[in-house]
Amino acid sequence: MDSKKPSPNNNEPTLREHVYDGIQEYDQKLPNWWLFTLYIAIAWFVVHWLCYYQLGLGSSDTSIIDKAMAEMQQARDKQMESITDEQLWALSRDAAAVEAGKATFMTPGMCVTCHGPDLSGMLSGAKLPGLPLNDQEWKHGGKPTEIFKIVRKGSPDITKGMAAWEQVLGMKRVSEVVAFVLSHHKEGEPITRAADSPPAPATTAPAPAAK
Ligand code: HEC
């Protein structure tokens, strides 16, 4: 097979002399736009590799999402800080919330351990450490917001064993577990204070936030 001689003419594609299996290669200059893109890409790789992987500048997708999720959670928690008695009563009539609260309550090691599966503070005739939650007597106040507060923040007397559950469960699950407790009660039922209740706040003004 006779091979084309390399053409000195610039308009004609130049062929390399080398032939293999009857195939010859063009010897052409790459177009500038192509080269430009390649060099930009190489430069970008260096910058990106340095900033992103070596210097830790810029955040990964996961950390961006984690941050956004945490902000949303915070906003929701903030909203729940100002939940009212009416809203908690409404939640106690929401079957899905009550069911979720029940699951939390009944988890071994959780509320059920101290307050009993029927919320009576008793188990097969024996007194458990927790107070009954199914009667009308409340040591720390029987208004839904008061129950919400004691479950969130725990007993003011930490030696009693009622922990602050907000850190463990988060606000949503605390509200659900309170909805479950409230589902054993009726709105407007008489509430009494226990004999060993801490003194009631003098006014109905909300107590200063604990945190
Ligand atoms: C380790 C045992 C224990 C666990 C677990 C526990 N509690 Fe308690 N709880 C107590 C004790 C003890 C008290 C009484 C605190 C006091 O005397 O100040 C109490 C008090 C309460 C009160 C206030 C009752 C009143 O009369 O004012 C509520 C409401 C309550 N707990 C709900 C819960 C919920 C909901 C959970 C699960 C998220 C839970 N508790 C988990 C021991 C426990």
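Which side chain has an N or O atom 2.8 Å from a nitrogen atom of the ligand? The side chain is that of His115. Keep in mind that this is a predicted model.

Start at the metal. The iron atom of the ligand is coordinated by two side chains, His115 through NE2 and Met162 through SD. These bonds run at 2.0 to 2.2 Å. The iron site has six donor atoms, with angles of 87 to 179° among them. That makes the site octahedral. His115 belongs to helix H5, while Met162 sits in the loop between H6 and H7, so the pair ties together parts that are 47 residues apart in sequence.

Now step out to the residues around the ligand. There are 21 of them. Cys111, Cys114, His115, Ser155 and Met162 come nearest. By class, the shell holds 14 nonpolar, five polar and two charged residues.

Next, look at the oxygen atoms of the ligand. Lys139 places a polar side-chain atom 2.6 Å from an oxygen atom of the ligand. His140 has a side-chain N or O atom that is also 2.6 Å from an oxygen atom of the ligand.

Finally, consider the space itself. The ligand occupies the second largest pocket. Three helices each give two or more residues to the shell around the ligand: H5 (111–115), H6 (144–153) and H7 (166–182). Helix H5 thus appears twice in this picture: it contributes to the shell, and it carries His115.

How values were computed. Residues are numbered from 1 along each chain as its sequence is written. This is a predicted model: local features need pLDDT of at least 70, side-chain atom pairs count only at pLDDT 80 or more; totals for chains, interfaces and linings use all residues. Side-chain values use heavy atoms; hydrogens and water are left out. A residue is near a molecule or strand if one of its heavy atoms lies within 4 Å of it. A polar contact is a pair of N or O atoms within 3.5 Å; within protein, one must be able to donate a hydrogen and the other to accept it, and residues adjacent in sequence count only if both atoms are side-chain atoms. On a 1 Å grid over the protein atoms alone, a cavity is a set of points where a 1.4 Å probe fits but cannot get out, and a pocket is an open set with protein on both sides within 12 Å along at least five of seven lines; lining residues have an atom within 4 Å of a point. A molecule sits in a cavity or pocket if more than half of its atoms lie within 2 Å of its grid points. Helices (H or I, at least four residues) and strands (E, at least two) are DSSP runs, numbered from the N terminus. Ala, Val, Leu, Ile, Met, Phe, Trp, Tyr, Cys and Pro count as nonpolar, Asp, Glu, Lys and Arg as charged, and the others, Gly among them, as polar. Donors are N, O and S atoms within 2.8 Å of the metal (3.2 Å for Na, K and Ca); water is not among the atoms, so sites may look incomplete. Four donors count as tetrahedral if all angles lie between 85 and 135 degrees; four count as square planar and six as octahedral if opposite donors are over 155 degrees apart and all others between 65 and 115; anything else is irregular.
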